[in-house]
Amino acid sequence: MTAPTPSRAETVALARRHLWPPYTSPERHEQHDPLVIVSAEGPWLVDADGRRYLDGISSWWTSTLGHRHPRLLAALADQAARLDHVAAGGATHPTVAALAAELCAVAPAGLERVHFSDDGSTAVEVALKIAFQYWQQQGRPARRRFLALASAYHGDTLGAVSLAGAEAGGFFTVFAPLLFEVVRAPAAGEDDAGWDRVATAIEERLARDGDTIAGVVVEPLVQGAGGMRTYPAEVLRRIRAATRAADTFLIADEVFTGYGRTGAMWACELAGVAPDLLCTAKGFTAGLLPMAATLATARIYDGFRAGPDGAPRALMHGHTFCGHPLGAAVAREVLAIYRDERIVDGVAARAAQLAGALYHAAAVPGVRRVRQLGLIGAVDLGDGGYGGAAGPRFTDAARRRGLFLRPLGDTAYVCPPLNIPPADLATLLDGFVDAIEEAAAPAR
Ligand SMILES: *Cc1c(COP(=O)(O)O)cnc(C)c1O
């Protein structure tokens with residue numbers, strides 16, 4: 001027997017009284033009327049009043065296969081019936097071993113080792129610690145800084161926040177005294193020429209100071225939370241070449257871009273680039289459970305073998321739930337579904353549908369900087385940035401049309417499940433363009 005679903009009002013009252021939601025002021029939290037979602041299926045979310053909403057942002061970019069894919073639910077139940085959890089130190093289990101092998105098989109060339117953790121921020125923290133520790137024990141202790149892009153976003157733990165660019169996190173400034181110093185690439189501005197200057201600046205910086213840099217961290221080809229900023233593949237290729245020339249690491253944060261979002265399994269592939277470390281989360285379990293992974297090359301792993309003094313050099317990082325069986329079972333099944341349902345191949349046709357909608361959005365007065373990569377489409381309303389009024393207007397307009405969309409400030413975007421049925425995608429995109437028209441109209 002399942003308990004009756006509480007009413008919308010009951011849930012809102014309890015939430016207002018006891019929840020502390022992310023990135024939401026108490027005033028807004030206690031006054032705003034949130035969506036109360038009680039169930040989901042495929043691209044649809046259903047609220048407490050039975051209203052259906054298309055999940056236009058894949059529930060914070062995770063639900064690449066839609067909600068409650070039957071095969072994922074079956075894999076989860078099957079694993080739960082056999083093994084719930086076992087410590088990852090001194091023990092392992094078949095599901096996580098198989099997952100590591102399968103993940104390496106689909107990863108960019110050269111990534112052969114996997115460290116599992118819980119979320120995207122942690123996957124990035126692990127990459128930073130691996131790179132840092134590697135150089136410390138390879139007799140290159142001066143390599144202790146990281147180079148990151150402007151507008152970067154890599155998560156919310158302190159190491160990841162250190163990497164964030166100022167624009168991505170005006171809201172991070174309060175933590176500045178706690179952060180480590182990062183070598184910052186210049187801001188690109190709004191056009192590809194700006195990105196050309198970014199690549200040149202990184203090349204020059206690495207040529208000059210490469211021996212102080214433990215790694216260069218990038219979101220490949222599109223910076224997500226920093227405002228859905230796309231940039232040319234050539235820039236990523238130049239960064240890869242410059243890191244190789246300086247013999248330092250390229251760390252690819254594919255937490256958002258991985259798992260087909262950009263039209264290839266990994267955004268790095270679109271540039272023909274293989275990083276030294278790769279972080280994945282979000283699509284990694286398709287939103288069903290929190291789990292993440294950091295992949296590394298054999299060279300990096302071998303750097304943790306005993307040195308000349310014979311002393312062991314373990315990676316000094318680990319979490320209680322490393323390689324959790326339930327998450328691992330789901331992550332394996334995600335990869336199997338990607339193979340069997342040819343999920344990445346299906347992105348191209350849907351991306352063409354999205355391009356059509358963006359073409360209409362571009363003609364709306366007040367819309368600027370239309371951009372797309374795979375199943376990510378974004379436009380700026382008003383002046384862009386986080387403070388504008390158009391973003392909230394857009395959210396409300398979308399909600400009235402049965403769409404769950406949440407802009408980044410005044411950047412309106414869609415990134416739907418990759419397997420969204422084309423008819424539902426058409427509904428989503430029609431509503432997206434209508435909501436843009438409504439929100440972009442100058443306020444009276
Ligand atoms: C979301 C995101 C993260 C952080 O992942 P969490 O699971 O929220 O910790 C890191 N990097 C990128 C590029 C992201 O989009």
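These legends describe close-up views of a ligand site and of a pair of helices in a predicted model. Residues are numbered from 1 along each chain as its sequence is written, and side-chain values use heavy atoms, with hydrogens and water left out. Because the model is predicted, local features need pLDDT of at least 70 and side-chain atom pairs count only at pLDDT 80 or more, while totals for chains, interfaces and linings use all residues.

**View 1. Residues around the ligand.** The residues surrounding the ligand, each with a heavy atom within 4 Å of it, include Trp-61, Tyr-153, His-154, Glu-219, Phe-256 and Lys-282. By class, this shell has four nonpolar, four polar and four charged residues, where Trp, Tyr and Phe are among those counted as nonpolar, Asp, Glu, Lys and Arg count as charged, and Gly is among the polar ones.

**View 2. Polar contacts of the ligand.** In these contacts, pairs of N or O atoms within 3.5 Å, an oxygen atom of the ligand lies 2.5 Å from a polar side-chain atom of Ser-121, and a ligand nitrogen atom is 2.6 Å from a side-chain N or O atom of Asp-253.

**View 3. Helices H13 and H15.** The axes, lines fitted to C-alpha atoms over the stretch in contact, of H13 (residues 347-362) and H15 (residues 422-440) come within 10 Å and cross at roughly 20 degrees. That makes the two helices roughly parallel, a word used for angles under 35 degrees.

Definitions and conventions:
Polar contact = N/O pair within 3.5 Å; in protein donor to acceptor, adjacent residues only side chain to side chain. Axes fitted to C-alpha atoms, helices over the stretch in contact; angles between N-to-C directions. Helix = DSSP H or I, 4+ residues; strand = E, 2+ residues; numbered from the N terminus. Parallel < 35°, antiparallel > 145°, perpendicular 65-115°, else oblique.
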